[in-house]
Amino acid sequence: MQFPVIDTDVLVIGAGGAGLRAAIEASAQGAKVAVITKSLLGKAHTVMAEGGMAAAMGNVDDRDNWRVHFADTMRGGQYLNNWRMAELHAREAPERVRELEAWGAVFDRTKDGRILQRNFGGHRYPRLAHVGDRTGLEMIRTLQDHGVHRGLDVHMEHTVVTLLTDSGRAAGAVAYDRERGRFKVFRAKATVMATGGLGRAFRITSNSWEYTGDGYALAYDIGAALQDLEFIQFHPTGMIWPPSVKGILVTEGVRGEGGILLNKDGHRFMFDDIPENYRTQTADNEEEGWRYTQGDKNARRPPELLTRDHVARCINREVKAGRGSPHGGVFLDIAWIKKRLPNGAEHIRRKLPSMYHQFKQLANLDITETPMEVGPTTHYTMGGIRVDGDTQMSTVPGLFAAGEAAAGLHGANRLGGNSLSDLIVFGKRAGEYAAAFASQHGAPSLDERQVDEAAARALAPFDRGSGGENPYAVQHDLQDFMQDLVGIVRRESEMRDAQERLRALRARAANAGTVGNREYNNGWHTAIDLHNLLTVSEAIAMAAIERKESRGAHFREDYPEKSAEFASFNFVIEKDASGEMTLTRVPIPAMPAELAAVIEENK
Ligand SMILES: Cc1cc2nc3c(=O)[nH]c(=O)nc-3n(C[C@H](O)[C@H](O)[C@H](O)COP(=O)(O)OP(=O)(O)OC[C@H]3O[C@@H](n4cnc5c(N)ncnc54)[C@H](O)[C@@H]3O)c2cc1C
């Protein structure tokens, strides 16, 4: 073997919330654990999470419990969720949050000292445990401290380029070190994909540079099934001005604290369109909506806290109808609460410190005085690697997935706050079952040919040098048409056009070239990422064309209604024997009567 080999029981790819929680658990089960992350430890995308993690602890409203959380998650996901995952998530999240607290996370508190919980879209009761609007930072800090003390072997600033297999079983990975550009081989008895999402396939996104869809493509390449990739969440409130910050997230916490959405005429348009399945739970006047945000248990939530898919489409409608803000969005006003709260400005700065600084520094705007301009931004991938609900094992033996890399929990649309809790619930499970798999299976054999091919593929852009395609130009073109043709509002003709363009881009990407040396060479990294971006984009377009209805985050202008025909299966994408991408419909198993009753009782 021409490269150094690191032997481990469990290899965790990704050091966000899911990866760190999986690594901690695998280590707690006695496994030797190696963690790989593209960025520095503590800097994974999870650090950006703002509003909080959803867990039915009932600290603020004692009517909350796992049954309501389960029903909310299923309704939000339009019943395409893996119901077993939704059940486990709702049942186990409170324990996982309390565990974080025991490990040192300092949550905001209720007056009597319990973990404070805030309102968020689609959650019936205040449910999000939070630390101001910096919850992800606290989660990562806590998990990182805990993990470091468990002695995890962390490989920072390393990027995995290929997963290895041994007779159909996952066998580890080949990665390069970003600083020096040298390869390392990881041989592992079990591998956990905790690689996050793919927002960088689109032009406007809240996602960090790490989100190039690597985990999905790496898993797909070795035969794992992907599921429901058509469901991409466009968060309704991203910054839209100035252009350099377009896409940066404005947390739903702003609306949870009483922020309202207005069009250019000052009209609160969210009251105009309340979906039938949320009508009984939604306030029908402004007074009631305000009371809800202030904790009145007899009030229903304001329409700004409807699910993200719906709010994003309402904003889109206002803009299209010429009622948008000057830079093509709408207004999000939190300053108005000063009329209701004597210490309103201070309250905003205390509850939303990051938002206050974000707008002050990036847009020279004081949110305690002036409404923000916001519009939809590509935010979250509901689909991903298909996993077993209990164990998180993918369709490839020994390959597990958790967090945003995995599919199932969120169905057609994720509720805010359900990701951070997903990370700790299913990160733990993935770590536990990966450690068990590792203890039951010997070390796999390394196939030198797979390693050499991976290294040769990764280095090919240097051979093409300046004569090759500019990788940034390919990435830019991809993001441009994915946004315009497979974005928030979709049409078959446009998506077919996107497929044509994807084919042409494949050819250009195969010819991408780079110059310079291997140390911190961003052009080279971009050239390597192209394969992943193109693979996931192809999968998104394929599934989005096939889903001939509108459901959750997937909106088809040519099929604007929900269709019963599409209500009972997931779309599964795999590589066929000839290497082509194929899509099949896999029926969702019938829900046990007990869970069906929970949904009924919460209707
Ligand atoms: C601005 C913002 C605010 C948010 N706020 C909330 C919130 O309040 N509540 C909530 O529930 N959700 C929120 N979300 C969503 C949530 O933060 C993410 O879904 C979640 O953090 C994903 O965690 P993860 O562990 O799956 O992946 P990540 O935290 O993204 O970690 C992925 C890891 O994989 C690594 N990786 C990827 N590819 C490779 C590769 N090829 N080789 C090696 N390593 C690789 C990365 O380097 C990284 O370490 C927010 C998202 C954003 C963008």
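This briefing covers the ligand site, the salt bridges and the aromatic pairs of the structure above. The model is predicted. The ligand is surrounded by 40 residues, and the protein buries 99% of the 1000 Å² that the ligand exposes when taken alone. Across the whole structure, a search finds 65 salt bridges and 10 aromatic pairs.

**Ligand site**

- Among the 40 residues around the ligand, the closest are Thr46, Gly51, Glu210, Tyr211 and Glu404.
- By class, the shell consists of 20 polar, 14 nonpolar and six charged residues.
- Four elements, α1 (17-28), β7 (158-166), β14 (372-381) and α11 (418-440), each contribute at least two residues to the shell.
- Helix α11 provides the largest share of the shell, with four residues.
- A polar backbone atom of glycine 51 is 2.6 Å from an oxygen atom of the ligand.
- For glycine 52, a backbone N or O atom lies 2.8 Å from a nitrogen atom of the ligand.
- Aspartate 214 makes its approach through the side chain, with a polar atom 2.8 Å from a nitrogen atom of the ligand.
- Taken alone, the ligand exposes 1000 Å², and 99% of that area is buried by the protein.

**Salt bridges around arginine 300**

- Side chains of opposite charge can pair when their charged atoms come close.
- Arginine 300 and aspartate 284 meet through their side chains in a salt bridge, at 3.4 Å from N to O.
- Arginine 300 sits in the loop between α7 (286-293) and α8 (308-320), and aspartate 284 in the loop between β12 (260-262) and α7, so this salt bridge ties together parts that are 16 residues apart in sequence.
- Arginine 300 also forms a salt bridge with glutamate 288, where the closest N and O atoms are 2.9 Å apart.
- This second pair links the loop between α7 and α8, which holds arginine 300, to helix α7, which holds glutamate 288, the two residues being 12 apart.
- The two acidic partners differ in burial: aspartate 284 counts as exposed because its relative accessibility of 57% is over 50%, whereas glutamate 288 is buried because its relative accessible area of 7% is under 20%.
- Arginine 300 itself is partly exposed, with a relative accessible area of 27%.

**Other salt bridges**

- Glutamate 453 and arginine 449 form a salt bridge, with their closest N and O atoms 3.2 Å apart.
- Both residues lie in helix α12 (residues 448-464), and because they are four residues apart there, about one helical turn separates them.
- Glutamate 453 is partly exposed, at a relative accessible area of 40%.
- A network of salt bridges links Arg21, Glu25, Arg96, Glu99, Lys428 and Glu432.

**Aromatic pairs**

- The search of the whole structure finds 10 aromatic pairs.
- One of them joins phenylalanine 3 and phenylalanine 183 in a tilted arrangement, 5.3 Å centre to centre with 55 degrees between the planes.
- This pair links distant parts of the chain, since phenylalanine 3 lies in the segment before β1 (5-13) and phenylalanine 183 in strand β9 (residues 183-193), 180 residues apart.
- Phenylalanine 3 is buried, with a relative accessible area of 15%, and phenylalanine 183 is buried at 3%.
- The rings of phenylalanine 566 and phenylalanine 571 have centres 6.5 Å apart and planes at 75 degrees, so that pair is edge-to-face.
- Both phenylalanine 566 and phenylalanine 571 are buried.
- Tyr176, Phe462 and Trp524 are joined into a cluster by ring pairs.

How values were computed:
Residues numbered from 1 in each chain as written. Predicted model: local features only at pLDDT ≥ 70, side-chain atom pairs only at ≥ 80, totals over all residues. Heavy atoms only, no water. Near = heavy atom within 4 Å. Polar contact = N/O pair within 3.5 Å; in protein donor to acceptor, adjacent residues only side chain to side chain. Areas by Shrake-Rupley, 256 points an atom, 1.4 Å probe, with all protein chains shown as cover. Nonpolar A, V, L, I, M, F, W, Y, C, P; charged D, E, K, R; others polar. Salt bridge = Lys/Arg side-chain N within 4 Å of Asp/Glu carboxyl O. Buried < 20%, exposed > 50% of the residue type's maximum accessible area, 1.4 Å probe, protein only. Phe/Tyr/Trp six-rings, centres within 6.5 Å; stacked < 30°, edge-to-face > 60°.
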